[in-house]
Amino acid sequence: MQLQLMMSSGFGVFRVGISFVIMCSFYMPTVDSLLELSPQKYFSTLQPGKASLAYFCQADSPRTSVFLEELNEAVRPLQDYGISVAKVNCVKEEISRYCGKEKDLMKAYLFKGNILLREFPTDTLFDVNAIVAHVLFALLFNEVKYITNLEDLQNIENALKGKANIIFSYVRATGIPEHRAVMEAAFVYGTTYQFVLTTEISLLESLGSEDVEYAHLYFFHCKLVLDLTQQCRRTLMEQPLTTLNIHLFIKTMKAPLLTEVAEDPQQVSTVHLQLGLPLVFIVSQQATYEADRRTAEWVAWRLLGKAGVLLLLRDSLEVNIPQHANVVFKRAEKGVPVEFLVLHDVDSIISHVEHNTHIEEIQEDEDDDMEGPDIDVQDDEVAETVFRDRKRKLPLELTVELTEETFNATVTASDSIVLFYAGWQAVSMAFLQSYVDVAVKLKGTSTMLLTRINCADWSDVCTKQNVTEFPIVKMYKKGENPVSYAGMLGTKDLLKFIQLNRISYPVNITSIQEAEEYLSGELYKDLISYSSVSVLGLFSPTMTTAKEDFSEAGNYLKGYVITGIYSEEDVLLLSNKYAASLPALLLARHTEGKIESIPLANTRAEDIVQIVTDALLEMFPEITVENLPSYFRLQKPLLILFSDGSINPQYKKAILTLVKQKYLDSLTPCWLNLKNTPVGRRILRAYFDPLPPLPVLVLVNLHSGGQVFAFPSDQAIIEENLVLWLKKLEAGLENHITILPAQEWKPPLPAYDFLSMMDAATSQHSTRKIPKCMKETDVQENDKEQHEDKSAVRKEPIETLRIKHWNRSNWFKEAEKSFRHDKEL
């Protein structure tokens, strides 16, 4: 097709980016607005082989105004692909089967010539992205295969080995912008590559991807595979899924894996430079040619999509290269001299490229947003996410929907997980997606019954269960009080909570052999992946108070860590082996294979919780959005190493050495990978102007003063230099690079407290004082038959419904109010 020929030519990046828009203007007339035709006129305009999207409706129907606005926006992009769009007004004078019943008027129809290809319910065409994505998806049914399981993917892969390459993509739902971008790429490259699409999270996870929150695109190198038992190499596209990014990625996949050159590196130009990627020259000589070529090929595979790799033949080169140099690095920027490097292993080459390359994302001018908030944009990121995913169909059948009639019978008949949510609340609807994802992962493997109840419909049930905020998850087990989940509102943490609650805590260990199996991880090895630390309390049989405190702490910790207790007559055998004076804790760190003992003399339950909570923290963690609150609560300055990828092992070793030597006790050392947590680049912009080369080490005093200090960029990150720098900081000899302002974070639009408004309105019609929150005793007295729930007794007004997370360090300070310490995200 003409579009594909143009896209594969040698145009520059920006000309390529707009070629999608230019192409079809040479071959068809341009129509900016939606055509309005009668049925007879519309069908007379259809041409053989030409695609057309039509919406049949009654003239001036107010129900269709929103859809017609989006359809009008889709006219130009669909026209660019040779697809006409029309609104067909049904008139009484003309009879058409598409102008029949009311339900027929809630569909759009895709024709190819006079042949009907597909009917689309208008609900699926909710915006311009969905319209373009679904129409192209329907037209490209031969070029794009939709799959739902790993077996289908393996069959496609096996069929194409030695024949063609595959472009595999995962999107969260059809109709979203990422789906549109993939379909537009398939329109261009569908005859060259086999496109495969899925919306199944489990399929993406089977490929080894852990970050399933975002769209993914892989290039499967199957054409080079001649051995059918060999798996195709896979290259992940690391940029966001946009039409231009996908095109650039495919262009790099089409470029030669390795090129031999014998000319001045400064004069060499390849497609990689045109696409804004650097070049890496592996310097070779005749005596080591074969080994150098193997090294270069290995580097090329590792840097595929990130840089071009060339084999530079020193013996044939007229330009002098320093004798010690074995790698030449050329940046994409014009006028920048090449670098001559001495790098002795592949990882060093990869690290140098990743730390010295940054492709700025193509985005709109942020200054446009400074004039004022866009009323069309949601004032909350959670609400925005729910709005964007509003058409995503969830497999709700995997969870049981409860009502006032079925709630009590269900939770008393079986061990149950109950999600209390409100259908009108954005946070509830966002968390419902995570809850269903958990149900998908537990399908057929869990004895727990996953249920849900909409408190907007059944408010009495939620009130009796003391639910005053949304969303809330509670676990109901026979013979036990309900347990409220209070972790992060995500799939991973909720799944961990459910899996760790399969057994009761603390576990009663009855023999030395069983205790050793417990500490080694063998006793509950299926749960170790959810709890990397196991806690065992050692007590003599007479230490009643100490055992009670430990049991109380274990009750608070259940669902977050495995706890056990050993209190037999031979407990001294175990305490002597691990040099633990009774009473004591044994902390078994399974990933490190270590067991450490902590004395518990006169230690209260809240102190035990604090000890265990601190033990769960890593010494040098990678900071993410999810785990930041756990480390932030320590109220220590953050020593952060910013890296654009994995950190150098030498840096990690140096910092861990200082941690073990107690030099960093007053700080929280951590690192942040900008590739895994892109928001880190914004954080750096708040510290530096302009952005420094990575990696960069900073100390941020967030809790007092807001000063930011930068480790000298001209010094190596080694133990001696770090110790000297920290001593200068302590002595006040280092100047800060900036001071973070103490400002309040507010939403871009005013917040409306609807519940307060409702309460105010109610108070105008009643003089009776209504209690804002029912105590648990009141709940039991008012309804003896309801399942007992002794979880959090709230003392806040019911209108202050907020998102909360668990701050374990303050559990016991608020024990009389709640089993949780509340803190706004």
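1. Helices here are DSSP runs of H or I with at least four residues, strands are DSSP runs of E with at least two, and both are numbered from the N terminus. This is a predicted model, so to speak for a local feature pLDDT has to be at least 70, and side-chain atom pairs count only at pLDDT 80 or more, while totals for chains, interfaces and linings use all residues. Residue numbers start from 1 along each chain as its sequence is written, and side-chain values use heavy atoms, with hydrogens and water left out.

2. Let's start with the sheet. Five strands form an open sheet with mixed pairing, in the order β16-β18-β17-β19-β20. At its edges sit β16 (400-401) and β20 (483-485), each of which pairs on one side only. To count as paired, two strands need at least two DSSP bridges between them.

3. Inside that sheet, β17 (residues 416-421) and β18 (residues 449-454) run parallel and are joined by 6 bridges. If you want one pair to look at, take I417, whose bridge partner in β18 is L450.

4. Which strands does helix α18 lie across? Helix α18 (residues 491-500) lies across β17, β19 (472-476) and β20. Against β20 it runs at about 160 degrees, where axes are lines fitted to C-alpha atoms (for helices, over the stretch in contact) and angles go from 0 to 180 degrees between N-to-C directions.

5. The same α18 has a helix partner: α16 (residues 426-442) packs with α18 at about 50 degrees, and their axes are 9 Å apart. That makes α16 and α18 oblique to each other; the scheme calls angles under 35 degrees roughly parallel, over 145 roughly antiparallel, 65 to 115 roughly perpendicular and the rest oblique.

6. Who touches whom there? On the α16 side you'll find F431, S434, Y435, D437, V438, K441 and L442, and they meet T491, L494, L495, I498 and Q499 of α18, with contact meaning heavy atoms within 4.5 Å. The residues of this contact split into 7 nonpolar, 3 polar and 2 charged (nonpolar is Ala, Val, Leu, Ile, Met, Phe, Trp, Tyr, Cys and Pro; charged is Asp, Glu, Lys and Arg; the others, Gly among them, are polar).

7. Further along, α20 (residues 544-557) and α22 (residues 605-615) cross at roughly 50 degrees, and their axes come within 8 Å. These two helices, α20 and α22, are therefore oblique to each other. D549, F550, E552, A553, Y556 and L557 of α20 meet A605, I608, V609, V612 and T613 of α22. By class, that contact has 8 nonpolar, 1 polar and 2 charged residues.

8. H590 deserves a click. You'll find H590 in the loop between β24 (584-589) and β25 (594-599). Leaving out residues up to four places away in sequence, H590 touches Y518, L519, S520, G521, I528, S531, S532, V533 and S534. With S534 the H590 side chain makes a side-chain polar contact at 2.7 Å.

9. Now some backbone checks. Y505 to P506 is a cis peptide bond, with omega near -10 degrees, and P506 sits in the loop between α18 and β21 (507-509). L694 and P695 are also joined by a cis peptide bond, with omega about 5 degrees; P695 is in the loop between α25 (679-687) and β28 (696-700).

10. Last one: N602, in the loop between β25 and α22. What is its phi? Phi of N602 is near 55 degrees, a positive value in a residue other than glycine.

Conventions
Polar contact = N/O pair within 3.5 Å; in protein donor to acceptor, adjacent residues only side chain to side chain.
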